[in-house]
Amino acid sequence: MAERAMDAATDVSRSIGEATAGLKAAVERLRVTLSDAQSGRVIPALRQATREAPLTSLFAAFLLGAMLARRH
């Protein structure tokens, strides 16, 4: 019984470690992507478009979110 508990604890620990490593990798990819986007011209263009036409930008963001939600 104690051996099974130790095996289960080891498996859980290993699973948590793998999940943590995957999460760290995803966060790093997201950080790199965001820094690339901010250094380019995309973010300033989006800011300008939002200032010029806030309702249109809101509608476009809603449509984009709806399209992404339907994919998954």
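**Exercise 1. Determine which residues make the nonpolar surface patch of about 340 Å², and state where Phe59 is placed.**

Solution. The patch is made by Phe59, Phe62 and Leu63; patches consist of residues with over 30% relative accessible area and no salt bridge, with like charges joined within 9 Å and nonpolar side chains (Val, Leu, Ile, Met, Phe, Trp, Tyr) within 5 Å. Accessible areas come from the Shrake-Rupley method with a 1.4 Å probe, and for residues only the protein chains shown count as cover. Next, Phe59 is placed in helix H3, residues 54–71, where helices (H or I, at least four residues) and strands (E, at least two) are DSSP runs numbered from the N terminus. Finally, Phe59 counts as exposed at 52% relative accessibility, given that buried means under 20% relative accessible area, exposed over 50%, and partly exposed in between (1.4 Å probe, protein chains only).

The model is predicted, so that local features need pLDDT of at least 70 and side-chain atom pairs count only at pLDDT 80 or more, whereas totals for chains, interfaces and linings use all residues. Residues are numbered from 1 along each chain as its sequence is written, and side-chain values use heavy atoms, with hydrogens and water left out.

**Exercise 2. Describe the fold and how spread out the protein is.**

Solution. Begin with the elements: the protein has three helices and zero strands, in the order α-α-α from the N terminus. The radius of gyration, taken over C-alpha atoms, is 21 Å, well over the 11 Å that the globule rule gives for 72 residues, so the protein is more spread out than a compact globule; that rule is 2.2 Å times the number of residues to the power 0.38. Along its principal axes, the C-alpha trace spans about 65 × 30 × 15 Å. As for burial, 0% of the 72 residues count as buried.

**Exercise 3. Identify the partners in the two salt bridges and give their exposure.**

Solution. A salt bridge is a side-chain nitrogen of Lys or Arg within 4 Å of a carboxyl oxygen of Asp or Glu. One joins the side chains of Arg14 and Asp11 at 3.5 Å, N to O, both in helix H1 and three residues apart, about one turn of the helix. Arg14 is partly exposed at 49%, and Asp11 is partly exposed at 43%. Another joins Glu28 and Arg31 at 2.5 Å, N to O; because they are three residues apart in helix H1, about one helical turn separates them. Glu28 is partly exposed at 38%, as is Arg31 at 48%.
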